[in-house]
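Open the model in your viewer and keep the sequence panel in sight. The tour below moves from the whole chain to single residues, one selection at a time.

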Amino acid sequence: MEITKSDKDIQGVKDYIVLFIYIVINSLFIIKYGENYNIPLLVFYVVAFPVFGLLYFKINLRTVVYKSLFFSGIFCFFFISIYLNYITDGNSLNVDRWSALEVGIKAILNGEYPYNIPDHMRRESSNLPVLIIIGMPFYLLFGSVGYLQSFCFLLFSYLVFKIFNNYKERLAVLLLLLLSPAYLWEVYVKSDLFSNFIIIAGFTYLVWGKLNVKKISKPDLVSFLAALVMLTRISSVIPLIIALLKKFWGFNLKEKIRFALVFILTAGVVIYIFFQNVPDLNTFIKHNPFMIQGAKQPLFLSILYIVIAVFLSFKVKSFYEVIYWSGMLLFVCVFVAFLIYIAEYGYTDTVINSFFDLSFFNMSMPFLLISIGYGFFKNNHLRQ
C-alpha cells in the first residue's frame, strides 16, 4: 500500500498532538504538586523535554548500549518502586486509592459488602470487583496493594519489549514513562489507576493479535478476559469497544451468541460474588461503585463517548490505531470533565484545592506512551 504525502502529513499532525497531550498532562502534575518550585520546574520541563528528545533522535549508539540501559532501567526502577512503597506510610497520604482497594479486599475476605465501608479518608471504595481481585495477591503476599504498581511496571516494560522492534525504540518509551511526573506521582501515592490501564493496554495487545493476526474462530478466552477487564473500571469500555466490536460484528450468529454467553456468565458470577452480601436494595442503590464512577460527568457525555468508540471500532485498521484512538478518547473524556469543573468552580478550586482528581488523566497515559513510540520511530504505525 502506497503512502501518500497527505497521509504522512496527517500522521505527523497526529504524532505531535499526542506528544503535546503527554506534555500537558505532566505539566498539570508539576503545577499541582511542584509546591513552591512549580513554575521553575514547569519551565525546565517544557524546555528540557524537547531538547532531550532531539538529542535522543540525533545520537545513535551501539545496540548493546540501548539494550543495557533498557534492562538496567527496568531493574533499577522496579526495586526503587518496591523500596518507595515500603518506606511510604499510606495513612500519611492525602490520596486514598490504595486504602479504598485494601478496604475492598478485606471486606471480601471477611464476607462483607465492600462498598459501604469507609477508607482512611472516610470515603467509600469505587473499585470494580476485578480490580479488587487483582489487588488481592499483593495484599496477601506483601501486606500492601502498593506493590501492584511495581509488577504492572514490569508488565508495561514487557509490552514495550514485544511491541517495538529495537532497543532504541524500547528505551525511548521506557524513558517517557520514567520521566513522567504523572506516573511518578502514582507510584509514590500507591495509586492503582495507571496500573489498571496498563493491564487494559496489555489486554488490547493480546486480543488484537488473537482476533486479527491469528484469526481464531472461537474466541471464548477473549470473551472471558474482556468481561474481567470491563469489571476493573467502567471507562475500560472505550478501548474494549474500539478493539473488539468490529470483530464481534463479523462473527456468525452462533459465534456471537457464544461470545455473549461467556461474557455475561463471567460478569454475572463476579458481580454475584461481590454483591451477594449487600444488606438490602437501598444500601446497593446508595453504595455501589457503578454510581460513583458514573457520576463523574453528565450521562449524555458518557453515551456520546460510547457512540464515538463504536464509530472508531469500524474505522481502525491496525493495533497502532486502536491504541491511538483509545488514548485520545480517554483523554477527551477526562479533559471535558476537567473543563466543566473549571467553568463551575474556577481554576484554583479545581486544580489547587483538588475539586477535580488530576489522576484521571492517567487513564489515557499507557496508550499515549505507546502511541508516541509508534509515531516517532520509523513509521511503526504502518507496520501492524
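## The whole chain

Of the contacts in the protein with a separation of 6 or more, 77% are between residues 24 or more positions apart. Keep in mind during the tour that this is a predicted model.

Show the chain as a cartoon. The protein has 18 helices and zero strands. Its radius of gyration is 21 Å, close to the 21 Å that the globule rule gives for 384 residues, so the protein is as compact as a globular protein of that length. Taken along the principal axes, the box filled by the C-alpha atoms is roughly 65 × 60 × 45 Å.

Now switch on the surface. The protein exposes about 18,700 Å², and 68% of that area is supplied by carbon and sulfur atoms. Of the 384 residues, 49% are buried. Colour the charged side chains next: there are 31 positive and 21 negative ones, and the centres of the two sets lie 12 Å apart.

## Stop 1: Val46

Select residues 38-58, which form helix α2, and find Val46 within them. Is Val46 buried, exposed or partly exposed? Val46 counts as partly exposed because its relative accessibility is 41%, and the buried class ends under 20% while the exposed class begins over 50%. Then add Ser27 to the selection. Val46 and Ser27 are 19 residues apart in sequence, and their C-alpha atoms are 7.9 Å apart in space.

## Stop 2: Gly111

Move on to the loop between α4 (97-109) and α5 (129-142), where Gly111 is found. Gly111 has a relative accessible area of 41% and is partly exposed. Draw a distance from its C-alpha to that of Phe71: the two residues are 40 apart in sequence and 42 Å apart in space.

## Stop 3: Gln149

Select helix α6, residues 147-163, and pick out Gln149. Gln149 counts as buried, at 2% relative accessibility. Which residues does Gln149 touch, not counting those up to four places away in sequence? They are Tyr183, Glu186, Val187, Ser191, Asp192 and Ser195. Show Ser191 as sticks as well: its backbone oxygen lies 2.4 Å from a polar atom of the Gln149 side chain.

## Stop 4: Lys190

Stay in this part of the sequence and select the loop between α8 (181-188) and α9 (193-213), which holds Lys190. With a relative accessible area of 5%, Lys190 is buried. Check its backbone angles too. Most residues other than glycine have a negative phi. Lys190 is not a glycine, yet its phi is positive, at about 60°.

## Stop 5: Ile242

Go to helix α11, residues 237-250, and select Ile242. Ile242 is at 1% relative accessibility and counts as buried. Leaving out residues up to four places away in sequence, Ile242 touches Ala309, Leu312, Ser313, Val316, Val322, Trp325 and Ser326. For a distance across the model, add Ile59. The C-alpha atoms of Ile242 and Ile59 are separated by 37 Å, and the two residues are 183 apart along the chain.

## Stop 6: Val270

The next selection is helix α12, residues 253-275, with Val270 in it. Val270 has a relative accessible area of 9% and is buried. Which residues is Val270 in contact with, its neighbours within four places in sequence left aside? The partners are Pro129, Val130, Ile133, Leu228 and Leu231. Pro129 and Val130 fall in the range 129-142, which is helix α5. Now add Ile303, which is 33 residues from Val270 along the chain; the C-alpha atoms of the pair are separated by 25 Å.

## Stop 7: Ser354

Finish in the loop between α17 (347-352) and α18 (365-376), where Ser354 has its place. Ser354 counts as partly exposed, at 40% relative accessibility. Its backbone repeats a feature from the fourth stop: Ser354 is not a glycine, but it has a positive phi of about 65°.

How values were computed
Residues are numbered from 1 along each chain as its sequence is written. This is a predicted model: local features need pLDDT of at least 70, side-chain atom pairs count only at pLDDT 80 or more; totals for chains, interfaces and linings use all residues. Side-chain values use heavy atoms; hydrogens and water are left out. Helices (H or I, at least four residues) and strands (E, at least two) are DSSP runs, numbered from the N terminus. Buried means under 20% relative accessible area, exposed over 50%, partly exposed in between (1.4 Å probe, protein chains only). A polar contact is a pair of N or O atoms within 3.5 Å; within protein, one must be able to donate a hydrogen and the other to accept it, and residues adjacent in sequence count only if both atoms are side-chain atoms. Contact means heavy atoms within 4.5 Å. The radius of gyration is taken over C-alpha atoms; the globule rule is 2.2 Å times the number of residues to the power 0.38. Accessible areas come from the Shrake-Rupley method with a 1.4 Å probe; for residues, only the protein chains shown count as cover. Lys and Arg count as positive and Asp and Glu as negative; His and the chain ends are not counted. The place of a charge is taken as NZ of Lys, CZ of Arg, CG of Asp or CD of Glu.
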